[in-house]
Amino acid sequence: MDIKLSSILTKRIMVCGITALVLFALRRLPASSTSNKFSLHEDGVMHVLVTGGAGYIGSHAALRLLKDSHRVTIVDNLSRGNIGAVRILQQLYPEPGRLQFIYADLGDATSVDKIFSENAIDAVMHFAAVAYVGESTAEPLRYYHNITLNTLLILEAMAAHDIKTLIYSSTCATYGEPDKMPITEATPQVPINPYGKAKKMAEDIILDFSKTSNMAVMILRYFNVIGSDPEGRLGEAPRPELREQGRISGACFDAARGIIPGLKIRGTDYNTDDGTCVRDYIDVTDLIDAHVKALAHAKPGKVGIYNVGTGKGSSVKEFVEACKKATGVDIKVEYLSRRPGDYAEVYSDPSKINEELNWTAKYTKLEKSLAVAWRWQKAHGKGYGNSFGRL
Ligand SMILES: NC(=O)c1ccc[n+]([C@@H]2O[C@H](COP(=O)([O-])OP(=O)(O)OC[C@H]3O[C@@H](n4cnc5c(N)ncnc54)[C@H](O)[C@@H]3O)[C@@H](O)[C@H]2O)c1
């Protein structure tokens, strides 16, 4: 009886062992052949690390880079982005060696260094950041940590691994509230909120480092980004708890869908034509095109700094009218007092990027950009399906 039992047990253990070995081998095979592609440089293939690639702008950038036949590694801690966006990209580009996703926090120096030691990265597009002006005034330390410190960590790892190119996402918030419009790249940077200050500090770190290095650096200062993929594959889907902090397009769509009762316009006594803030709205498709052009023009040992905007300001009231037309909904509007940290009027002079990178904004009709974004919003009532941080 004992002998029988022990032989049955031995057989079971052997079967389990063999099954485990087979499963292990099956899992390893595709994984290692895929990871080889990411860990080796390949002639004619540019491998771009897209930080924050699960977020709004980063996911659109990854889509364009993949379309342009680049190899893409997305790194994101999913604190704000959507794994659903990454899944869409994986479905569109399932071939080995096209796209991989790394779940990591860029504030963790060990993880950041591991990414660069295990992957043959040619260029970094650093989008990852917390990015709400209002939130930054309430939680300044979070902003300096996430934006300034994390950029320093990435730069250190890039230097240690001799990565050649950095495209950095900066913002017009680094200019603060200049006396003179439009804003050129020579306009003094005097940021007035922690978000703008944290980005300016990150820029300064990059600029000081670049004086000592042969890295090719492009700093792009975006104005207000709107719109989404014209083919409707990706959209902007901030998580519900960020709605209050949110950007105006998200609020317009939420009001049009009846998720919120109406729009709250904060500040009607600014020194502008209709009293509401004036902003330069840049379509995400144009913005990503600027990144692609920046990548193509990046030169070793040189830094390029460019405003990315349309050159034309629109007031919040004009924006709301465009949103009403794009959605076909007569959105209710409530007028409130100013929000801390906001500035009256901001629009760009994009002539430098026009001339040097041969880039011009093409999607300059607010109503059209909003109509594209609204199509995605309507078709995706729950964004990417409530998948936010879940892997
Ligand atoms: N949206 C705009 O209008 C605008 C304007 C100017 C500049 N920018 C800049 O563009 C970039 C992208 O903005 P967005 O609108 O796509 O924001 P987003 O919140 O949609 O995306 C940011 C992504 O970064 C990720 N992330 C944040 N902290 C991280 C960390 N520590 N480690 C790993 N991942 C992290 C988030 O999970 C998210 O997926 C930001 O740098 C922002 O400052 C945006």
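Reader: Which element gives the most to the shell around the ligand?
Author: This is a predicted model: local features need pLDDT (the predictor's confidence in each residue, from 0 to 100) of at least 70, side-chain atom pairs count only at pLDDT 80 or more, and totals for chains, interfaces and linings use all residues. Residues are numbered from 1 along each chain as its sequence is written. Elements are DSSP runs numbered from the N terminus, helices being H or I of at least four residues and strands E of at least two. With 3 residues in the shell, the top contributor is α2.

Reader: Which elements give two or more residues to that shell, and how many residues surround the ligand?
Author: A residue is near the ligand if its C-beta atom, placed from the backbone, lies within 6 Å of it. The closest are G52, G55, I57, G81 and A129. Two or more residues each come from α2 (56–67), α6 (140–160), β5 (165–171) and β7 (224–226). The full count around the ligand is 27 residues.

Reader: How do the shell residues divide into nonpolar, polar and charged?
Author: Ala, Val, Leu, Ile, Met, Phe, Trp, Tyr, Cys and Pro count as nonpolar. Asp, Glu, Lys and Arg are charged, and the others, Gly among them, are polar. The split is 12 nonpolar, 12 polar and 3 charged.

Reader: How many residues has the largest nonpolar core?
Author: Such a core joins buried Ala, Val, Leu, Ile, Met, Phe, Trp, Tyr and Cys residues through C-beta atoms within 7 Å. Residues with the most contacts inside it include V50, A62 and V124. Its largest share, 7 residues, comes from α2. The core's total is 104 residues.

Reader: Which residues does V124 touch, not counting those up to four places away in sequence?
Author: Contact requires C-beta atoms, placed from the backbone, within 7 Å. On that test V124 touches L49, T51, I154, M158, I163 and L166.
Reader: Why does V329 count as partly exposed?
Author: V329 is found in the loop between α10 (316–327) and β13 (333–336). Leaving aside neighbours within four places in sequence, V329 is in contact with A256 and K324. A residue is buried with 20 or more other C-beta atoms within 10 Å of its own, exposed with 12 or fewer, and partly exposed in between. V329 is partly exposed because its C-beta neighbours inside 10 Å number 16.

Reader: Over which residues is the pLDDT below 50?
Author: The chain's mean pLDDT is 91, and 89% of its residues reach 70 or more. One stretch falls below 50 and, beyond near neighbours in sequence, has 4 contacts in the model: residues 18–34.

Methods. Contact = placed C-beta atoms within 7 Å.
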